[in-house]
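The following exercises are to be worked through with the sequence and the model side by side. Each task is followed by a solution in steps.

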Amino acid sequence: MSLICAFKAKPVERYAQLFGGCVLIVFSMVMSGLSHEIRILFAVLGLAGIGFGLLSHFHHPFRVFEEYLEARKTPISPTTKISYSSIQSVKKKGESKVVIHHDQEGTSKRATLYTGLLAKDDRDALMGQIGSRASVVIQD
């Protein structure tokens, strides 16, 4: 089960939380008219935003392994693992979603992958990886 490739989110998605955290910290420093407790609250929220932004910056929403595909929308969301041998159909829903119907322990499941997090080239590469590893045709 070795890793074949991993896809990072677009730069806008990775830097938004870092930038927002920095803005909150600067806001807490500049607004001297606010009470001391509120300024500390903004600074703490800014530091939390920077911390979560760093987690998001190094996070890979989609990782392709030899036997399965792994998807995690955010660093703290649950991991979805889809075996290529269990995939029944793959259907694109616009540019930002892919719906995969697969068999999991005898029951039919549906997983929605939010590919809008990726740049267009990475979306095409991900779909190529899924298409080459699963024995199904990708429907538009």
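Contact means that heavy atoms lie within 4.5 Å. The model is a predicted one, in which local features need pLDDT of at least 70 and side-chain atom pairs count only at pLDDT 80 or more, while totals for chains, interfaces and linings use all residues. Residues are numbered from 1 along each chain as its sequence is written, and side-chain values use heavy atoms, with hydrogens and water left out.

**Exercise 1. Two histidines**

Determine where His57 lies and which residues it is in contact with, leaving aside its neighbours within four places in sequence.

Step 1. Helices (H or I, at least four residues) and strands (E, at least two) are DSSP runs, numbered from the N terminus. On this basis His57 belongs to helix 2.

Step 2. A residue is buried under 20% relative accessible area, exposed over 50% and partly exposed in between (1.4 Å probe, protein chains only). His57 has a relative accessible area of 13% and is therefore buried.

Step 3. With neighbours within four places set aside, the contacts of His57 are Lys8, Arg14 and Tyr15.

Step 4. For His60, the place is the loop between helix 2 and strand 2. Its relative accessibility is 28%, so His60 counts as partly exposed. Residues up to four places away not being counted, His60 touches Ala6, Phe7 and Lys8.

**Exercise 2. The faces of helix 2**

Check the length of helix 2 against expectation, then locate its buried residues.

Step 1. The expected span of a helix is 1.5 Å times one less than its number of residues. For the 22 residues of helix 2 this gives 32 Å, and the end C-alpha atoms are 31 Å apart, which agrees.

Step 2. Gly46, Gly49, Gly53, Ser56 and His57 are the buried residues of helix 2. They are on the same side of helix 2, because they cover an arc of only 90° around the axis. The arc is that of the directions from the helix axis to the C-beta atoms.

Step 3. The face turned away from the buried side of helix 2 carries the exposed residues His36, Glu37 and Leu47.

Step 4. Helix 1 is included in what covers the buried residues of helix 2. Conversely, the buried residues of helix 1 pack against helix 2; these are Arg14, Leu18, Gly21, Ile25 and Ser28.

**Exercise 3. Aromatic pairs**

State how many aromatic pairs a search of the whole structure finds.

Step 1. Rings of Phe, Tyr and Trp (its six-membered ring) pair if their centres lie within 6.5 Å; planes under 30 degrees apart count as stacked, over 60 as edge-to-face and the rest as tilted. The search finds two such pairs.

Step 2. Phe27 and Phe42 are 5.1 Å apart centre to centre, with 80° between the planes, and form an edge-to-face pair. This pair joins distant parts of the chain, 15 residues apart: Phe27 is in helix 1 (residues 11–30) and Phe42 in helix 2 (residues 36–57). Phe27 is partly exposed at 35% relative accessibility, and Phe42 is partly exposed at 22%.

Step 3. Phe65 and Tyr68 form a stacked pair, 4.8 Å centre to centre and 25° between the planes. Phe65 counts as buried at 7% relative accessibility, as does Tyr68 at 13%.

**Exercise 4. The nonpolar core and helix 3**

Identify which element gives the most residues to the largest nonpolar core.

Step 1. A nonpolar core is a set of buried Ala, Val, Leu, Ile, Met, Phe, Trp, Tyr and Cys residues joined through side-chain atoms within 4.5 Å. The largest one has 20 residues, and among those with the most contacts inside it are Leu69, Leu113 and Ile130.

Step 2. Helix 3 gives the most to this core, namely three residues.

Step 3. The buried residues of helix 3 are Arg123, Leu126, Met127 and Ile130. They fall within an arc of 95° seen down the axis, so they line one face of helix 3. The face of helix 3 turned away from them carries the exposed residues Asp121 and Ser132.

**Exercise 5. An unusual backbone angle**

Find where Glu105 is placed and describe its phi.

Step 1. Glu105 is in the loop between strand 6 and strand 7.

Step 2. Most residues other than glycine have a negative phi. Glu105 has a positive phi of about 55° although it is not a glycine.

Step 3. With a relative accessible area of 80%, Glu105 is exposed.
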